[in-house]
Amino acid sequence: MAASDLTADPRLSAEGGDPDLALTQDLLTFLEKSPTCFQVIANFKKALLFKGYTYLPEDTPWVLLPAGKYFTTRNGSSIIAFRTPDPAPTGFQITASHSDSPTFKIKANPELKEGEAYIRLNAEPYGGMLMAPWFDRPLSVAGRVLAQAEGGVTEIPVVVDRDLLLIPSVAIHMNREANKGYAYNAQTDLLPLLGEGADAGAFRRIVAEAAGVSPDAILGSDLFLYVRGRGSVWGASNEFVSAGHLDDLQCAFSCFRGFVSSEGTKTPAVPVFACFDNEEVGSLTKQGADSTFLEDVLSRIAEGTGMTREAYHAAVAKSFMLSADNAHALHPNHPEKADPANRPLMNHGIVIKYHAGQKYTTDGVTAALFKLLCQDAGVPFQEFTNRSDMAGGSTLGNLSNAHVSLNCVDIGLPQLAMHSCFETAGVRDTGYLVRAARAFYGSSLRRDGDTLSWVQG
């Protein structure tokens, strides 16, 4: 995708037309070109380079200049970008989202022959998914391969850009009880069909061709299924958008737009955009939110800007994180699934998420500060809690806080069919989060006695 698709914000600079629809079309382009976490991060990296940011590999010394623009990556599936102020920073303004989505990961030695009739791919679920929507859709694979090159190993992002696979349903004639509920077995019901049985070895050849290497050069891979086709805007007034990966790429896209569009705003805090991998499987990886990645980067920023260790701890105490991961909207067919009072609607603003057991980090202080930020930015907000008798999900704010403890609020954009391979959200909500993130990055936190407030610029 063009780097400008991620950096030019039509909601902030549109002349004529509907800026929300223009922004949504950019979101849909980003989603289409980001079928796995590896393409997500590659697209962010491309956009940052286009905007003049300097790439800092983790395994080299960092030299940071005042008013500099930088980013680093880990595993090719997580990224942290930041800008250094002049003079030394007084805090950090962080948004955190995630790059992964529930899907199926291709196993090693994936081809399974069913006699001479068919070849299927051996795949296993990644994350907690809704399985039923994966049937009878054109699918393909994307991710990365590790190929042998000049005595070493090189990493190659890969997207097989054609309709390649499909998971066929069992006909109603062969399962008369299918519409009365069915327990899917991931090993038998959800293996995608690749081709006819005579074409053994086809999968490796297809992936190698997409990667531009010989099949024998491939030494390893991280490949996932993805749903083919572009998402769409629909509804009586074009108010809804449906696509894959809205959880959580809608938040990642919006926070990124807010981050790059806030350039030029003078603030003593360091603006930090973080997008982590592996949230859907618990974040327990070197590149997940429950790793040292954020802590490592913030520490290196402090060292690179001349902060003492004591000044760094004081800066963290004056920092704030928006943990941005989508939220459940009120379901049109099942309103009983929602809390009696806190029932977010699509197109009605950013959702503040609460949980008594702290699966979400929001507390009274951080909720109040975020509401104040939204009010100043003219952005609507709403609130979400689970039904008291229903367990909900968790996200990355509390996990990252175990490594860098700072003020944090969990937010998201309301959507339907979370963890489906095709989800639905509101067209206007993307722009709300862009505006809120832009205001957030242009602010810093100040304490005056018992009073906390935002300082703009």
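In what order do the nine strands of the open sheet with mixed pairing run? Reading across, it goes β1-β2-β3-β13-β4-β14-β18-β16-β17. Keep in mind as you look around that this is a predicted model.

Start at the two ends of that sheet. β1 (54–55) and β17 (381–384) are the edge strands, and each has a single partner, so one side of each is left without a neighbour in the sheet. Further in, you can find β4 (residues 91–98) and β14 (residues 320–324) running parallel, joined by four bridges. If you want a spot to zoom in on, try Ala-96, which stands opposite Ser-323 in β14.

Now add the helices. Helix α4 (residues 37–50) packs on this sheet and touches β1, β2 (69–74), β3 (78–83) and β13 (269–276). The direction of α4 makes about 20° with that of β3. Helix α9 (residues 364–377) also packs on the sheet, touching β14, β16 (350–353), β17 and β18 (407–412). Here the angle is about 60°, taken between the directions of α9 and β18.

Next, swing over to the five-strand sheet. It's open too, with mixed pairing, and its order is β11-β12-β20-β19-β15. β11 (232–234) and β15 sit at the edges with a single partner strand each, so one side of each has no neighbour in the sheet. Inside it, β12 (residues 240–243) and β20 (residues 423–426) run antiparallel and share four bridges. Val-241 is a handy landmark, standing opposite Ala-425 in β20. Helix α11 (residues 427–441) lies across β11, β12, β19 and β20, at about 65° to β20.

So much for the sheets; what about the empty space? The largest pocket has a volume of about 700 Å³. Its lining counts 35 residues, and those closest to the centre are His-328, Phe-384, Asn-386, Met-390 and Met-418. Two strands of the five-strand sheet, β15 (327–328) and β19 (414–416), each supply at least two residues of that lining. By class, the lining of the largest pocket has 14 nonpolar, 12 polar and nine charged residues.

The second largest pocket comes in at about 480 Å³. Look for Phe-135, Pro-168, Ser-169, Val-170 and Asp-189, which lie nearest its centre among the 19 residues that line this pocket. Sorted by class, the lining of the second largest pocket has 12 nonpolar, four polar and three charged residues.

How values were computed:
Residues numbered from 1 in each chain as written. Predicted model: local features only at pLDDT ≥ 70, side-chain atom pairs only at ≥ 80, totals over all residues. Heavy atoms only, no water. 1 Å grid on protein atoms, 1.4 Å probe; cavity = no way out; pocket = protein on both sides within 12 Å on 5 of 7 lines; lining within 4 Å. Points joined across faces, edges and corners; volume = space filled by probe spheres on them. Nonpolar A, V, L, I, M, F, W, Y, C, P; charged D, E, K, R; others polar. Pairing = 2+ DSSP bridges. Contact = heavy atoms within 4.5 Å. Axes fitted to C-alpha atoms, helices over the stretch in contact; angles between N-to-C directions.
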